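Welcome to the tour. Open your viewer, keep the selection box handy, and let us go from stop to stop.

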Amino acid sequence: MHRLAQAGGEIILVGTAHVSRESAELVERVIDEEKPDVVCVELCQARFDALKQKDRWQETDIVKVIRDNRTALLLSQLLMVSFQRRIAEKFNINPGEEMLRAIAKAESTGARIVLADREIRVTLLRTWRMMRFWTRLTFLSEMILSLFITEDITEEDIEKLKEHDALDLALKAVGEKLPEVKTTLIDERDQYLAYRIGHSGGRKVVAVVGAGHVPGIQQSFGRDIDIEAINRIPPPSVWAKFFGWGFSAGIIALFIAGFFYSGGQTSLKMILSWSAITAACAAVGAILLLAHPLTILASALSAPLATLHPLIATGWVAGLVEASFRKPQVKDFLDLKDDIVSLGGFFRNKITRLLILVVFVNLTTSIGTFVAIPVMMKYIFL
């Protein structure tokens, strides 16, 4: 617990671990003893609804997710939820239990509830768009590796998450490995939480937040914070758009150069090499995910053209075709919360498998483009 004074009132920060039984009990005890008129919780409306409405996944339009290019974002979110759920199940406590208990206790005592966290969609989109390509790959690989690393975690380790030294060390490691992720997932949210808690309007406020945010909230409290700037979704990078079209123009320029330097036969060989390599790599990605035969075919046929058009991705084509033949059923949505707990469940559930298919086919197709370029250039310099 940390007490912060503000004009005409007091704020009590309660730092928790989101899968800690002791944290959940502490939150109830603090609200009972302090009798606040406002209780702030580290939740946004979407996360609050997810905790309160367990069947919310049934409303997900998976085809719309693919069309809107949100597969990687949704997959990242599910991987983070997976890690938290597996720890929580190991110690027989619901993820976010301390938040639910804080809300229930606030309702029973008549305290006003403030959802103090930034919308998760804003956080994930800001994070994703600020990442470089290789950072995105590193981030996804780190999240996937998290499926394997909870077996040796003990309840004592969970409680240590509330100790500042351990947290500072963990955040420092995140900052060194993935600075873009730390900025948007942690630093900006510290500022957002500090602003919302400070402007909650209560005489006595109890704020329930993850212990990792406490130092940042204390540091940001009372400072001028441009809340609109950190709550804005940045547009796609201009340089990313330029690179996409520039890359396509460069490949077409290679075909043209082959024609003028070595004749039509060479240019045709270059086009065929490009088509064969990108198609093969796209097909391999779909095959490794055991996709429908027509999905494999669609991936292979679309790859040569999709790789030359920055507004089309082979993974999207694969995902849409797969969804039409193996559309997720209500059962898949009902089983999702249990299936994301294990690696096997991720590949068994049609929803997560579809998301992985889109990302994986995009990845293998990208590898194919980088393999095809030097192969084509050899024809020019022969």
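Helices (H or I, at least four residues) and strands (E, at least two) are DSSP runs here, numbered from the N terminus. With the whole chain selected, you are looking at 19 helices and five strands. This is a predicted model, where local features need pLDDT of at least 70 and side-chain atom pairs count only at pLDDT 80 or more, while totals for chains, interfaces and linings use all residues. Residues are numbered from 1 along each chain as its sequence is written, and side-chain values use heavy atoms, leaving out hydrogens and water.

Next, colour by accessibility. Buried means under 20% relative accessible area, exposed over 50%, and partly exposed in between, with a 1.4 Å probe and protein chains only. Of the 382 residues in the chain, 47% are buried. Pick C44, which is buried at 1% relative accessible area, then C281, also counted as buried at 19%.

Now select helix α1 (residues 21–34) together with helix α5 (residues 97–109): their axes come within 8 Å and cross at roughly 20 degrees. Axes are lines fitted to C-alpha atoms, for helices over the stretch in contact, with angles from 0 to 180 degrees between N-to-C directions.

Show the side chains between the two helices, taking contact as heavy atoms within 4.5 Å. From α1, S23, A24, E25, V27, E28, I31 and D32 meet E97, E98, R101, A102, K105 and T109 of α5.

Finally, zoom out to the contacts in the chain with a separation of 6 or more: residues 24 or more positions apart account for 80% of them.
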